Amino acid sequence: MGDILVVDDDKTCRDSIQKVLERAGHTVQTAESVDGALEELGTSHFDLVVCDYRMPGKTGIDLLIELRRRQSAVPVLMISAYADASVEAAILELGGLELMEKPIRRQELIARAAQVVVG
C-alpha cells in the first residue's frame, strides 16, 4: 500500500489513526505538529498526509500553505472536531482533499486512504 504521514497533537488520536492505517497495510510515520510534519516531509516521500486542522501553534491550514509554497503535490486529508464551512472551503481552496470530521469512522478513513494511494 502507501506511505502515510499522520499529524495530530493528540497522541491518543495520532496513535489510533496510525494503528488503523497500519492494519490496512500502509506504512505510517507520525508527527505531533506542523513543524514536525514539515521536517518529515523534507526527508521522506509520502503518498498521503492525514492532518488535524486545529493544533497548538500552526494549524493544518498553515501546513497546506507551506506545502503549496514548496510546490509539493502530496495529497492532504484534513481531520477536525472543530472546523466549520469556512475552514472546509479554505482547505479545499488550498488543495486539500477534504475535511473529515472527528471522530473518524475507521472504514471511511481506510477507504479514503486506499482511494488516494491506489488512485
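This section describes the fold of the chain, its central strands and a selection of individual residues.

The structure is a predicted model, and its chain contains five helices and five strands. From the N terminus on, these elements follow one another in the order β-α-β-α-β-α-β-α-β-α. The C-alpha trace spans about 30 × 30 × 30 Å along its principal axes. The radius of gyration of the chain is 13 Å, which agrees with the value near 14 Å that a compact globule of 119 residues would have. Of the 119 residues, 43% are buried, and among the contacts between residues at least 6 apart in sequence, 63% join residues at least 24 apart. The chain exposes about 6400 Å², of which carbon and sulfur atoms supply 46%. Its side chains include 13 that are positive and 20 that are negative, the centres of the two sets lying 3 Å apart.

Strand S3, formed by residues 48-52, pairs with two other strands. Strand S1 (residues 3-7) and S3 are joined in the parallel sense over four bridges, with Ile 4 standing opposite Leu 48 in S3. S3 and S4 likewise run parallel and are joined by four bridges; within this pairing, Val 50 has Leu 77 of S4 as its bridge partner, and Cys 51 stands opposite Met 78 in S4. Five of the five residues of S3 are buried, so this strand is largely enclosed by the rest of the structure. Both of its faces are covered, since the residues on one side, Leu 48, Val 50 and Asp 52, and those on the other, Val 49 and Cys 51, are all buried.

The description of strand S4 (residues 76-80) is similar in that five of its five residues are buried, so S4 is also largely enclosed by the rest of the structure. Val 76, Met 78 and Ser 80 point one way from S4, whereas Leu 77 and Ile 79 point the other way, and all of them are buried. Ser 80, which belongs to this strand, has a relative accessible area of 2% and is therefore buried under the 20% cut-off. When neighbours within four places in sequence are left aside, Ser 80 is in contact with Asp 52 and Tyr 53, and also with Leu 99, Met 100, Glu 101 and Lys 102.

Two residues in other elements were also examined. Ala 31 is located in strand S2 (residues 27-31) and, at a relative accessibility of 8%, counts as buried. Apart from residues up to four places away in sequence, Ala 31 touches Leu 5, Val 6, Val 7, Asp 8, Arg 14, Gly 36 and Ala 37. Between Ala 31 and Lys 58, which are 27 residues apart in sequence, the C-alpha to C-alpha distance is 13 Å. Gln 18, in helix H1 (residues 11-23), has a relative accessible area of 18%; this value is under 20%, so Gln 18 counts as buried. Outside the residues up to four places away in sequence, the contacts of Gln 18 are with Val 28 and Thr 30.

The loop between helix H3 (60-69) and S4 includes Gln 71, which has a positive phi of about 60° although it is not a glycine. With a relative accessibility of 73%, over the 50% cut-off, Gln 71 counts as exposed. Ser 72 is found in the loop between H3 and S4 as well, but its relative accessible area of 25% makes it partly exposed. The C-alpha atoms of Ser 72 and Glu 98 are separated by 17 Å, the two residues being 26 apart along the chain.

A further backbone feature concerns Pro 103, which is placed in the loop between strand S5 (98-101) and helix H5 (106-118). The peptide bond that leads from Lys 102 to Pro 103 is cis, with omega near 0°. Lys 102 is also one of the residues in contact with Ser 80.

Terms used:
Residues numbered from 1 in each chain as written. Predicted model: local features only at pLDDT ≥ 70, side-chain atom pairs only at ≥ 80, totals over all residues. Heavy atoms only, no water. Rg over C-alpha atoms; globule rule 2.2 N^0.38 Å. Buried < 20%, exposed > 50% of the residue type's maximum accessible area, 1.4 Å probe, protein only. Contact = heavy atoms within 4.5 Å. Areas by Shrake-Rupley, 256 points an atom, 1.4 Å probe, with all protein chains shown as cover. Lys, Arg positive; Asp, Glu negative; His and termini not counted. Charge placed at Lys NZ, Arg CZ, Asp CG, Glu CD. Pairing = 2+ DSSP bridges.
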